[in-house]
Amino acid sequence: KKERKIYAYHSVRFFRKDLQGSCDSMTFFPSDSLIRLYHDPVIWSGESQISGDYIELFIFESKIRELRIRKNGFIISNNGPDTYDQIKGRDMVGYFDKGKMKKMKVTGNGQTIYYVKETDGSYVGANKAECSNLMISFKENKVSKIKFFVKPNSVFHPIEKIDVAKLKLENFRWRENEKPKTKEELFK
């Protein structure tokens with residue numbers, strides 16, 4: 001039996017309603033339901049932009065079950081003008097339920113910037129934290145809780161004392177202009 005394999009090279013872009021992405025090259029082996037993205041990959045799931053040196057997506061029954069980011073993992077969510085929740089770490093593993101991210105485990109050099117809001121939506125401030133390992137919980141495709149493991153170091157900055165446009169983790173790159181918005185856009 002010959003196994004079917006799909007290889008895509010140079011300026012790959014893809015679009016699904018629940019997942020969009022781009023990278024230099026990609027492989028897909030239906031036998032193990034594993035999609036591998038190489039060379040500066042970036043994907044979008046809901047409001048989150050996810051990037052790293054190398055990304056693997058495990059698919060089950062046409063839905064993402066697990067996401068693995070190897071080296072330089074970075075998740076960014078835009079909250080509004082110049083305000084971005086950010087999560088960074090060496091390696092990350094994301095767990096999905098019904099196609100939506102539920103948890104993300106960060107291993108090594110974990111860093112976060114998380115904006116705190118009042119119930120009316122106004123910003124109170126931003127929490128910047130560092131910790132070697134983190135566990136992030138998501139609700140409605142947004143960060144709902146972060147657990148810090150192994151000596152966390154955290155600083156809360158009141159909103160009136162920070163320049164939100166400059167509050168970014170090292171190597172921050174908002175790549176919204178690369179995101180495919182429709183299937184038709186892929187062919188332009």
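Here, partly exposed means a relative accessible area between the buried limit of under 20% and the exposed limit of over 50%. Keep that scale in mind for the views below, which come from a predicted model.

**View 1. The loop around D40, and how D40 relates to K188.**
D40 sits in the loop that runs between β3 (34–38) and β4 (42–45). Its relative accessible area is 39%, so D40 is partly exposed. Now look across to K188: the two residues are 148 apart in sequence, yet their C-alpha atoms are 21 Å apart in space.

**View 2. The whole chain, before zooming in again.**
If you are hunting for helices, you can stop: the chain has zero of them, and 14 strands. Written out along the sequence, the pattern is simply β-β-β-β-β-β-β-β-β-β-β-β-β-β. The radius of gyration is 17 Å, close to the 16 Å that the globule rule gives for 188 residues, so the chain is as compact as a globular protein of that length. Along the principal axes, the C-alpha atoms fill a box of roughly 60 × 40 × 30 Å. As for what is tucked away, 43% of the 188 residues count as buried.

**View 3. F28 in strand β2, with S48 for reference.**
Strand β2 covers residues 19–29, and F28 is found in it. With a relative accessible area of 22%, F28 is partly exposed, because the buried class takes in values under 20%. Follow the sequence for 20 residues and you get from F28 to S48; measure it out in space, C-alpha to C-alpha, and the model puts them 23 Å apart.**View 4. R16 and D18, a salt bridge.**
Side chains of opposite charge can pair when their charged atoms come close. Here the side chains of R16 and D18 meet in a salt bridge, with 3.0 Å from N to O. Which class does each partner fall into, buried or exposed or partly exposed? R16 has 30% relative accessibility, so R16 counts as partly exposed. D18, at 26%, counts as partly exposed too. This pair is one of ten salt bridges in the count.

**View 5. R68 and E56, a pair that links two strands.**
The side chains of R68 and E56 meet in a salt bridge at 3.9 Å, N to O. The pair links distant parts of the chain: R68 belongs to strand β7 (residues 63–70) and E56 to strand β6 (residues 54–60), and the two are twelve residues apart. E56 counts as buried because its relative accessibility is 9%. R68, on the other hand, has 26% and so counts as partly exposed.

**View 6. K181 and E176, and then a network.**
K181 and E176 bring their side chains together in another salt bridge, this one at 3.8 Å from N to O. K181 counts as partly exposed, with 44% relative accessibility. E176 has a relative accessible area of 26%, so E176 is partly exposed as well. Elsewhere, salt bridges that share partners join R36, E56, E66 and R68 into one network.

**View 7. A positive patch with K100 in it.**
Four lysines, K98, K100, K102 and K139, form a positive surface patch. Where does K100 lie? K100 lies in strand β11, which covers residues 100–117. At 38% relative accessibility, K100 counts as partly exposed, since exposed needs over 50%.

**View 8. S11 and K151, two residues with a positive phi.**
Most residues other than glycine have a negative phi. S11 goes the other way: although it is not a glycine, its phi is positive, about 60 degrees. S11 lies in strand β1 (residues 6–16). With 65% relative accessibility, S11 counts as exposed. K151 also has a positive phi in a residue other than glycine, near 50 degrees. You'll find K151 in the loop between β13 (142–149) and β14 (153–158). Its relative accessible area is 77%, so K151 is exposed.

Note on methods
Residues numbered from 1 in each chain as written. Predicted model: local features only at pLDDT ≥ 70, side-chain atom pairs only at ≥ 80, totals over all residues. Heavy atoms only, no water. Patch = residues over 30% accessible without salt bridge, like charges linked within 9 Å, V, L, I, M, F, W, Y side chains within 5 Å. Areas by Shrake-Rupley, 256 points an atom, 1.4 Å probe, with all protein chains shown as cover. Lys, Arg positive; Asp, Glu negative; His and termini not counted. Charge placed at Lys NZ, Arg CZ, Asp CG, Glu CD. Helix = DSSP H or I, 4+ residues; strand = E, 2+ residues; numbered from the N terminus. Buried < 20%, exposed > 50% of the residue type's maximum accessible area, 1.4 Å probe, protein only. Rg over C-alpha atoms; globule rule 2.2 N^0.38 Å.
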